[in-house]
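Work through the exercises below with the sequence and the model open. Each task is followed by a solution in steps.

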Amino acid sequence: MIKQTMWQRWGLLLGFACAVAGLAAAVWIYGYRQALDSLAERSAADLALASDRVSTQLQIYQELAVLTADHPVLDGLDTAAGQQEAARRLREVADKTAALDVFYADRSGRVLAFAEGVAGGSVADQPYFKRAMQGALGTGHAVLLPEGRRAYFYAAPSFAPGGGVLGALVVVADVQDVEQTWRGSLPAVFFTNRNEEVFIANRPELLFWRRTERLPGSAAEGGDPVSFAVENHGGHEVWELSGSSYLPQQALHLTVDLPVIGMRGEILVDVAPARRIAALQAAALTAVCLAFGTLLFLATERRRTLARANVILETRVEARTQALQVINTQLRREVHERQEAEAALKQAQEDLVQAGKLSALGQMSAGISHELNQPLMAIQQYAENGAAFLEREKPERAAENLTRISSMAERMARIIKNLRAFARNESEPMARVDLVQVINAAVELTTARLETDHVALHWAAPSGPVYAWGGEVRLTQVFVNLINNAADAMMEQDQRAIRIALEWPSQQTGARLRVHVRDIGPGIKEPEKMFEPFYSTKAVGSAEGLGLGLSISYGLVQSFGGHIRGCNSSDGAVFTVELDPWSEEEAA
């Protein structure tokens, strides 16, 4: 029973292989014929192109013969001087047109004037001359001896005033010169005359070959003849060639009649690409069939194996599922712990930022107290002055003091507003922020401290707003920290100055906004560490800070998608804050 099953299996495989082989053979034949049809269309176009090129180049000499036949210089051939002048003119024409020869013969065929004299003294027995004597354009071709040069003749009749034919003007074209423009640019193309002899070709080994003879071999092959046989494939004539390295072994043969030059154009195109295409199609089909059969066979053979393995797999899957459930429980616990840690870290960062604000407020407290105390004293003085002016019945002077009291109150309100905004814990998302207003607020908050420490601040605010992405309070803290750090760096020197500059390129450039805070201090000692937490160049235990200002500023700018960097200049240090400009398109 087992042996019978094996024989059945092998019989099925053999039958499948035979069916695939037969189908592949049919596909090859069909594909080969289709490829030959496509190749024949392209080859016919190439042959037509080559034929038109030869006909057009020879037609130049035809027109030359017709136009020169009526030249006035041919009227004086009855004298020796006239014949010399005509020969000189004809030689000029031949030189300018690259013709082998241009000559004139009378009705008897005797050559009276010529440029080179390649035709001898008489052309009376030449067919092209006889045709010209009948009043029509005569054509012909021949091999000129002893040079063996191939020539094509155009004979144009010269008519008498009364209508009779006086003679013929003959232009001799160099066939080899015509071949130079297209030799080797196409497949093997040749032109045969009425005697079935190749007279023009782009392959020298085909010249003077007759269809009834064997092809001559190339010089590299020692002159051995090249054999050929003709086969028919789907209505196409295919030549089987052997013995020549310059001709394809199998070539599609096409012909076209050229009555204008009295020849027939022929072309030999290699059919190897067509055979390759057909072979690729057959191979592709065979591969698909074999692959399908192999997959079907393997699927059948493995079906039983999969059925047995299914039970084992289900057991393993169940055990693995239980293990994954345990792992998932552990992962959820770890994720929850990670989220709690991130929340605690975020709260610590916010507390650290708020601590930085309070530290800055502590450092500015003395100056702020002075800023508030001075307007209060001025208000008291102006109030007393106003009361005195009212008693003296000088209301205009009292009104002036009241106006000054109002101005002082507005100044105090602005200072308190900036302090309250700076001190609050901002948790709003990023939005449009007027960068000019932010810098103005930072300048007002630090003005008292800078005046106390005799630090000159140069800040030329633009006339209009410059909008950026960020948070107003957090950006204010950044610039307060930068101004205070710059002032701290210059405390050991007499001259102290800070310069703030704002760059705002046009929205079309897509560049970022830049704010430069520049001082004239000693510079940054360790630029690579300046944004690290608790890094400070101040004395240990000093009350001027913990080294968190730049670290906090770095984190705040990063949260806005911006960048902050510091470097030393020729006369101090420069800190640059880069922010993305606000635009209505991005906000939408």
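**Exercise 1. A residue in a strand**

Task: Decide whether Val517 is buried or exposed, then place it in the fold and list its contacts.

Solution. The model is a predicted one. Step 1: the relative accessible area of Val517 is 3%. The cut-off for buried is under 20%, so Val517 counts as buried. Step 2: Val517 belongs to strand β16, which covers residues 513-519. Step 3: with neighbours within four places in sequence left aside, Val517 is in contact with Leu482, Ile498, Arg499, Ile500, Ala573, Val574 and Phe575. Step 4: Phe479 is 38 residues away from Val517 along the chain, and their C-alpha atoms are separated by 8.4 Å.

**Exercise 2. A second strand residue**

Task: State in which strand Ala251 lies and which residues it touches.

Solution. Step 1: Ala251 is found in strand β10, residues 250-258. Step 2: its relative accessible area is 0%, so Ala251 is buried. Step 3: not counting residues up to four places away in sequence, Ala251 touches Glu237, Val238 and Trp239, and also Leu268, Val269, Asp270 and Val271. Step 4: from Ala251 to Glu240 the C-alpha distance is 6.8 Å, at 11 residues apart in sequence.

**Exercise 3. Aromatic pairs**

Task: Count the aromatic pairs, and classify the pair of Tyr128 and Phe153.

Solution. Step 1: with ring centres required to lie within 6.5 Å, the count is 3 aromatic pairs. Step 2: Tyr128 and Phe153 have their ring centres 4.7 Å apart and their planes at 5°, and this pair is stacked. Step 3: Tyr128 is in helix α3 (residues 127-133) and Phe153 in strand β4 (residues 149-159), so the pair ties together parts that are 25 residues apart in sequence. Step 4: Tyr128 is buried at 3% relative accessibility, and Phe153 is buried at 5%.

Task: Do the same for Tyr467 and Trp582, and find which residue lies over the face of Tyr467.

Solution. Step 1: the centres of Tyr467 and Trp582 are 6.2 Å apart and the planes meet at 70°, which makes the pair edge-to-face. Step 2: Tyr467 is in strand β14 (residues 467-470), while Trp582 is in the loop between β18 (572-579) and α10 (584-587), so the pair ties together parts that are 115 residues apart in sequence. Step 3: Tyr467 is partly exposed, at 29% relative accessible area, whereas Trp582 is buried, at 17%. Step 4: Arg432 lies over the face of Tyr467, at 4.1 Å from the ring centre. Arg432 also lies over the face of Trp582, where the distance to the ring centre is 5.2 Å.

**Exercise 4. Two helices**

Task: Describe how helices α7 and α8 cross.

Solution. Step 1: the axes of α7 (residues 435-452) and α8 (residues 472-489) come within 9 Å and cross at roughly 40°. Step 2: α7 and α8 are therefore oblique to each other. Step 3: the crossing of α7 past α8 is right-handed. Step 4: residues of α7 in the contact include Leu435, Val438, Ile439 and Leu450, and those of α8 include Leu475, Phe479, Val480 and Ile483.

**Exercise 5. The whole chain**

Task: How many helices and strands are in the chain, and what percentage of its residues is buried?

Solution. Step 1: the chain has 10 helices and 18 strands. Step 2: of its 588 residues, 38% are buried. Step 3: among contacts with a separation of 6 or more, 59% come from residues 24 or more positions apart.

Methods:
Residues are numbered from 1 along each chain as its sequence is written. This is a predicted model: local features need pLDDT of at least 70, side-chain atom pairs count only at pLDDT 80 or more; totals for chains, interfaces and linings use all residues. Side-chain values use heavy atoms; hydrogens and water are left out. Rings of Phe, Tyr and Trp (its six-membered ring) pair if their centres lie within 6.5 Å; planes under 30 degrees apart count as stacked, over 60 as edge-to-face and the rest as tilted. Helices (H or I, at least four residues) and strands (E, at least two) are DSSP runs, numbered from the N terminus. Buried means under 20% relative accessible area, exposed over 50%, partly exposed in between (1.4 Å probe, protein chains only). A charge sits over a ring if NZ of Lys or CZ of Arg is within 6 Å of the ring centre and within 35 degrees of the ring normal. Axes are lines fitted to C-alpha atoms, for helices over the stretch in contact, and angles run from 0 to 180 degrees between N-to-C directions. Angles under 35 degrees count as roughly parallel, over 145 as roughly antiparallel, 65 to 115 as roughly perpendicular and the rest as oblique. A crossing is left-handed if the near helix is turned anticlockwise from the far one by less than a right angle, and right-handed if clockwise. Contact means heavy atoms within 4.5 Å.
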